[in-house]
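Thanks for making the time. I will go through one model, element by element, and leave the background out.

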Amino acid sequence: MATNPSFQLFSSSNDKPSLGLGFLESSEPPLVPPPPSVEVLSSEVSSTVKFTAEPVNLDGLTLLKGRVSTKEVFGLPNSDLVPGVYEGGLKLWEGSLDLVKVLRAEVQNGHLSFEGKQVLELGCGHGLPGIFACLEDAAVVHFQDFNAEVLQCLTIPNVNANLSEKSQRDPAPEACFFAGDWGEIHQLLPHARRSETNPNSSSEHGQATGYDVILMAETIYSISAQKSLYGLIKKCMSHPHGVVYMAGKKHYFGVGGGTRQFLSMLEKDGVVAATLVTEVADGSSNVREVWKLSYK
């Protein structure tokens, strides 16, 4: 485990007017327009796709991980992702497991509490980090994924399977599910602001808007999507005490993204600070990291 309370990284050339990030002028081909953002009700579980669950042990914590067929859901072979069509939500990525382990350690060390909090998991897939927040007495947990099919066939059944296995408080957490692109989904998220430029804005009842804790794992693989992801974070992160826990690889070979590009964007913008919580170099993949983001 390593820590770095004051992350610094040289910024790139000032090619983008809004953030000054020339490297975000990606050579990736333009994508097809994203599907419209929708809320997926918990009752809209797929009745045709086979869902099975098996236990996964996370340093003494046992959760269930679902399994469904990519071919059965999307008509695709066992592919990690097809940009703009399927963003890898049916695969259980290593970063999701790293993030749950870190969250558990943060709770045990008294550095984090989910009790009574409003939580958002971005790019949720299996939803294990959000499920952990539910088990730690969060008041609200909202799950977001690019694909509605992922929510219907995997996320909702996996949330139900895990929560039914554990004793739940009464009332249970408010679990809601939202599908859509990061550039548009804020219009549906109940606790998101409509603009990233005014984090001090409040609701009509005088209560601060935003989510207390935002969770995301393996969401920064695409350079072309990093700007919209960061914009969404600023619309959703409660001010001034909101935090983000982000798990990802230092570099994603073949797609160009990684923690260094994303953190350089944060530093250039000057609004959010980043602290390294842990680094994982177990040989099973590229070096993986978990970072904590908070307002400066």
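E218 is buried, with a relative accessible area of 7%. It sits in the loop between β7 and α5. Phi of E218 is near 60 degrees, a positive value in a residue other than glycine. Keep in mind that this is a predicted model.

There is another non-glycine residue with positive phi to mention, D59, at about 55 degrees. Is D59 buried or exposed? With 56% relative accessibility, D59 counts as exposed, because the cut-off for that class is over 50%. Its place is the loop between β2, residues 52-58, and β3, residues 61-67.

While we are on backbone geometry, H239 and P240 are joined by a cis peptide bond, with omega of about 10 degrees. P240 belongs to the loop between α5, residues 223-236, and β8.

Now the sheet. In what order do the strands of the open sheet run? There are eight, and the order is β1-β6-β5-β4-β7-β8-β10-β9, with mixed pairing. The edges are β1, residues 38-40, and β9, residues 272-280, and each of these pairs on one side only. On average, neighbouring strands in this sheet are turned by 20 degrees against each other, if direction is ignored.

As a reminder, strands of a sheet pair through backbone hydrogen bonds, either parallel or antiparallel. Starting from the β1 edge, three bridges join β1 to β6, residues 174-179, and the two run antiparallel. Within that pair, V38 stands opposite A179 of β6. A179 comes up again on the β5 side, where it is the bridge partner of D145. β5 and β6 pair in the parallel sense, over six bridges.

Next along is β4, residues 118-122, which runs parallel to β5, residues 140-145, with four bridges between them. Two of the partners are easy to find on screen: Q118 is matched with V140 in β5, and L120 with H142 in β5.

How many residues of β5 are buried? Six of its six, so the strand is mostly covered, taking buried as under 20% relative accessible area. In a regular strand the side chains alternate between the two faces of the sheet. For β5, V140, H142 and Q144 point one way, while V141, F143 and D145 point the other way, and all are buried.

On to the helices that pack on this sheet. α3 touches β4, β5 and β7, residues 213-217, and its direction makes about 175 degrees with that of β5. Helix α6, residues 259-269, touches β7, β8, β9 and β10, where β8 covers 243-249 and β10 covers 288-295. The direction of α6 makes about 10 degrees with that of β10.

One residue in α6 to pick out is F262. At 0% relative accessibility, F262 counts as buried. What does F262 touch, leaving aside residues up to four places away in sequence? The contacts are M216, I220, Q226, L229, Y230, I233, M246 and L293. F262 and S222 are 40 residues apart in sequence, and their C-alpha atoms are 9.9 Å apart in space.

There is also a helix-helix contact. α2, residues 94-108, and α3, residues 128-135, pack at an angle of about 25 degrees, with axes 8 Å apart. Angles under 35 degrees count as roughly parallel, and α2 and α3 are therefore roughly parallel to each other. On the α2 side the residues involved are S96, L97, L99, V100, L103, R104 and V107, and they meet L128, P129 and F132 in α3. By class, that contact has eight nonpolar residues, one polar and one charged.

Last, confidence. The protein chain averages a pLDDT of 85, and 83% of the residues score at least 70. Over residues 1-27, pLDDT stays under 50, and the model has 65 contacts for them beyond four places in sequence. Residues 202-208 also have a pLDDT below 50, and that stretch has five contacts in the model beyond near neighbours in sequence. Where pLDDT is low, the predicted coordinates should not be read in detail.

That is what I had to show.

Definitions and conventions. Residues are numbered from 1 along each chain as its sequence is written. This is a predicted model: local features need pLDDT of at least 70, side-chain atom pairs count only at pLDDT 80 or more; totals for chains, interfaces and linings use all residues. Side-chain values use heavy atoms; hydrogens and water are left out. Axes are lines fitted to C-alpha atoms, for helices over the stretch in contact, and angles run from 0 to 180 degrees between N-to-C directions. Angles under 35 degrees count as roughly parallel, over 145 as roughly antiparallel, 65 to 115 as roughly perpendicular and the rest as oblique. Contact means heavy atoms within 4.5 Å. Ala, Val, Leu, Ile, Met, Phe, Trp, Tyr, Cys and Pro count as nonpolar, Asp, Glu, Lys and Arg as charged, and the others, Gly among them, as polar. Two strands pair if DSSP finds at least two bridges between them. Buried means under 20% relative accessible area, exposed over 50%, partly exposed in between (1.4 Å probe, protein chains only). pLDDT is the predictor's confidence in each residue, from 0 to 100.
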